[in-house]
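Subject: A structure for you to look at

Hi there,

I am passing on a structure for you to explore. Please open it and keep it beside this email while you read.

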Amino acid sequence: MNGEVPLPETVTLHVPFRILKRGGRKEMHLPENAPQQHGTDAALVKALARAFRWKRMLESGEFVTINELVQRKGIAPSYMTRVPRLTLLAPDIVETILDRTQGPEVTLARVLEPFTEEWEAQPVYFGELGRSRRS
């Protein structure tokens with residue numbers, strides 16, 4: 001024989017991680033000391049884009065009322081009543097989301113919940129989102 005050690009048939013690998021729900025899907029999160037990369041929450045980015053596009057359409061006069069926009073674009077009225085509020089997010093928070101540096105707890109569901117319109121108070125409301133940008 002050539003002195004090689006035979007490989008076992010089964011290898012077990014233990015990787016510490018936790019599963020978190022984020023925006024209706026599950027994500028795997030590694031321990032704090034492990035390098036982490038999390039991608040953009042596509043649903044959150046899409047909602048931000050829609051909010052600003054719809055705002056522009058209403059301000060330009062392309063659509064006179066929100067009801068007209070709902071009917072012509074086939075948007076669910078309940079969605080249309082929540083998404084435009086995203087235009088009230090502080091600019092640094094919008095930038096943080098688009099830069100993919102927001103905390104994992106910042107999801108579309110979270111930003112669609114009622115939040116303060118005062119920009120200075122928003123980082124406190126969104127927790128890690130505000131700290132990740134300023135620290």
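Below is what turned up, topic by topic.

Before you start, please keep in mind that this is a predicted model.

**The aromatic pair**

A good place to begin is the 1 aromatic pair that the structure holds. Its partners are Trp54 and Tyr79, which meet edge-to-face, with 6.1 Å from centre to centre and 85° between the planes. The angle earns that name because planes over 60 degrees apart count as edge-to-face. Try finding both rings in the viewer: Trp54 sits in helix H1 (residues 42–60) and Tyr79 in helix H3 (residues 77–82). The two are 25 residues apart, and the pair links distant parts of the chain. Trp54 and Tyr79 are both buried.

**The nonpolar core**

Trp54 turns up again here. The largest nonpolar core has 25 residues, and those touching the most other members are Trp54, Leu86 and Leu89. Which elements give two or more residues to this core? They are H1, helix H2 (66–73), H3, helix H4 (91–98) and helix H5 (108–112). H1 gives the most, with 6 residues.

Leu89 is worth selecting on its own. If you set aside its neighbours within four places in sequence, Leu89 is in contact with Leu48, Val94, Ile97, Phe115, Trp119, Gln122 and Phe126.

**A residue in a loop**

Now look at Glu117, in the loop between H5 and helix H6 (122–125). Although Glu117 and Leu89 are 28 residues apart in sequence, their C-alpha atoms are 7.1 Å apart in space. Is Glu117 buried or exposed? Glu117 is exposed, because its relative accessible area of 57% is over the 50% cut-off. Apart from neighbours within four places in sequence, Glu117 is in contact with Leu88 and Gln122.

**The hairpin**

For a change from helices, go to strand E1 (residues 18–22) and strand E2 (residues 25–29), which pair in the antiparallel sense over 5 bridges. To trace one of the partnerships, start from Ile19, whose bridge partner in E2 is Met28. The hairpin has 2 residues between its strands, and Gly23 takes a positive phi near 60° there.

**Salt bridges**

Side chains of opposite charge can pair when their charged atoms come close. How many salt bridges does a search of the whole structure find? The search finds 3, and here they are in turn:

- Glu59 and Lys55 join through their side chains at 3.9 Å, N to O. These two are 4 residues apart in helix H1, so about one helical turn separates them. Glu59 is exposed, at 60% relative accessible area, while Lys55 is partly exposed, at 36%.
- Arg72 and Glu68 form a salt bridge at 3.0 Å, N to O. Arg72 and Glu68 lie 4 residues apart in helix H2, so they too are separated by about one helical turn. Arg72 counts as exposed at 59% relative accessibility, and Glu68 as partly exposed at 22%.
- Glu113 and Arg110 form a salt bridge at 3.3 Å, N to O. Glu113 is partly exposed, with a relative accessible area of 35%, and Arg110 is partly exposed as well, with 23%.

If you have time for one stop, I would pick Trp54, which belongs to the aromatic pair and is among the core residues that touch the most other members.

Happy exploring, and do write back with questions!

Best wishes

Notes
Residues are numbered from 1 along each chain as its sequence is written. This is a predicted model: local features need pLDDT of at least 70, side-chain atom pairs count only at pLDDT 80 or more; totals for chains, interfaces and linings use all residues. Side-chain values use heavy atoms; hydrogens and water are left out. Rings of Phe, Tyr and Trp (its six-membered ring) pair if their centres lie within 6.5 Å; planes under 30 degrees apart count as stacked, over 60 as edge-to-face and the rest as tilted. Buried means under 20% relative accessible area, exposed over 50%, partly exposed in between (1.4 Å probe, protein chains only). A nonpolar core is a set of buried Ala, Val, Leu, Ile, Met, Phe, Trp, Tyr and Cys residues joined through side-chain atoms within 4.5 Å. Contact means heavy atoms within 4.5 Å. Two strands pair if DSSP finds at least two bridges between them. A salt bridge is a side-chain nitrogen of Lys or Arg within 4 Å of a carboxyl oxygen of Asp or Glu.
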